[in-house]
Amino acid sequence: MREGVKSWAARSVVVSGAMVCAVMLGCERQQAAFVPPPPPEVTVESPTRQRVADAMEFTGTTRGYETVEIRARVRGFLEKKHVQDGKRVQQGDLLFTIDPRTFEAAVQQARAELATRESELKLAIVTLERTSAAAATNAVSKQEVDRAAAQRDGAIAQVDLAKARLRAAELDLEFTNVRSPITGRIGFIRVEEGELVGASEPTLLATVINDSKVYATYDMDERVILDLRRGNQNKRPGEDGRAELVVRMAMANEEGWPHVGRFERADNTVNSATGTLRVESIFENPDGAIVPGTFVRVRPEFGEKDVLTVPDVAVMADQRGRYVLVVAGAGAEGSVERRDVTVGEVVERRRVIMSGLTEADRVITNGVQRARPGGTVKVGGGK
């Protein structure tokens, strides 16, 4: 009997302990229940409508306003270099001297030949005068007069020929002093003193580039050209009454568009191989900051246009393209939506939006990393 009571008591203790444990576990579960975190806070801004330049961007290269290859025009040994590589030169400066002795001798020979021909001409004139006087008294025949006149005419021609040869010899002598035809900067000199130049062809001595102005050369797609011409009476800038077309430029290490120039000219035919038209714009370069031959960014401006803009930091990109995140609705909280957009250039840290947004949209500009499409966010600031 006592053993039965003990067994029942033991079972009661076990059941009671189990109930106590169950109650305790239930309390613990109730105390550890999951509480969702509050929605992340973001800053939003509505797209702003503003007027910006109607412009396009191209990649081009620069070249000097004038470029001249200095070549030896006569054959001879280079006697003297009068300028150092890379120095600025003025128009008419003496750059090189080719040994002139051979050409000085040729000039003296040509002068002597001219003197001989002039003497022959004087004799021919006197002979003609005497023959004509004798013919007046029938002392000589008319044929003798004609012969004397022909000799005089031949002597005149010989004098003219001698003068031409003298002029050619003087030019060759003049070409032994090689002068700069333009003002600019000379490049590397390709020859050394003592070298034979002009032996088989005009030897390239150096190149002088006038970089006081530079051209930016770039290619425009033919579709762009056709659209622009259709909108401007099929005329080029300067032919249709418009003001000069402003073109801005920046080198590889420059921010923004620090150089302002103008449209200068365009080619007269589209390159059928590339489907582009070559265009050149001109820029002042008084301090030589723009180096000819460099790659540059070029931005011709065709007018102004009204566009929507958002801060550039709000625009993201993935394999699908450019997009922004917007907050739906107008309340303090809202769901996040992805909006694919077509973008234009950046103007003062604001990205031009060509399509995909309206002025009523609330674009997330701060806290983008905490927002996910389909999730909920709290709007903490913006406009």
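Two strands count as paired here if DSSP finds at least two bridges between them. In this predicted model, strand E15 (residues 316-318) and strand E16 clear that bar, pairing in the antiparallel sense over three bridges. Within this pairing, Ala317 sits across from Arg322 of E16. E15 and E16 make up a hairpin, with two residues between the strands.

On E16 there is also a pairing with strand E17 (residues 333-340), again antiparallel, this one over five bridges. Here Val324 has Arg339 of E17 as its bridge partner. E16 and E17 form a hairpin too, with five residues between the strands, and Gly329 in that hairpin takes a positive phi near 80°. As for burial, five of the seven residues of E16 (residues 321-327) are buried, so this strand is largely enclosed by the rest of the structure.

What lies 9.9 Å from Val327, C-alpha to C-alpha, despite being 47 residues apart from it in sequence? That residue is Gly374, which belongs to the loop between strand E20 (363-366) and strand E21 (376-382). With a relative accessible area of 65%, Gly374 is exposed, because anything over 50% counts as such.

Now for the helices. Helix H2 (residues 101-136) and helix H3 (residues 142-175) have axes that come within 8 Å and cross at roughly 165°. That angle makes H2 roughly antiparallel to H3, since the cut-off for this label is anything over 145 degrees. The crossing of the two helices is left-handed. Sorted by class, the contact of H2 with H3 has 20 nonpolar residues, along with five polar and 12 charged ones.

Charged pairs turn up elsewhere as well: the structure holds 29 salt bridges. One of them joins the side chains of Arg165 and Glu113, at 2.6 Å from N to O. Arg165 lies in H3 and Glu113 in H2, so this salt bridge ties together parts that are 52 residues apart in sequence. Both ends are partly exposed, Arg165 with a relative accessible area of 42% and Glu113 at 23%.

A more local case is the salt bridge of Arg117 with Glu120, whose closest N and O atoms are 3.0 Å apart. Both residues lie in H2, three residues apart, which is about one turn of the helix. Arg117 is partly exposed at a relative accessible area of 23%, and Glu120 is partly exposed too, at 36%.

Over in the strands, the side chains of Arg248 and Glu301 meet in a salt bridge of 2.7 Å, N to O. This pair links distant parts of the chain, with Arg248 in strand E11 (residues 246-251) and Glu301 in strand E14 (residues 295-311), 53 residues apart. Are the two partners buried or exposed? Arg248 counts as partly exposed, at 25% relative accessibility. Glu301, on the other hand, is buried, because its relative accessible area of 14% falls under the 20% cut-off. The pair does not stand alone: Arg248 and Glu301 are linked with Arg299 and Glu345 in a network of salt bridges.

Note on methods:
Residues numbered from 1 in each chain as written. Predicted model: local features only at pLDDT ≥ 70, side-chain atom pairs only at ≥ 80, totals over all residues. Heavy atoms only, no water. Axes fitted to C-alpha atoms, helices over the stretch in contact; angles between N-to-C directions. Helix = DSSP H or I, 4+ residues; strand = E, 2+ residues; numbered from the N terminus. Parallel < 35°, antiparallel > 145°, perpendicular 65-115°, else oblique. Left-handed = near helix turned anticlockwise from the far one by under 90°. Nonpolar A, V, L, I, M, F, W, Y, C, P; charged D, E, K, R; others polar. Salt bridge = Lys/Arg side-chain N within 4 Å of Asp/Glu carboxyl O. Buried < 20%, exposed > 50% of the residue type's maximum accessible area, 1.4 Å probe, protein only.
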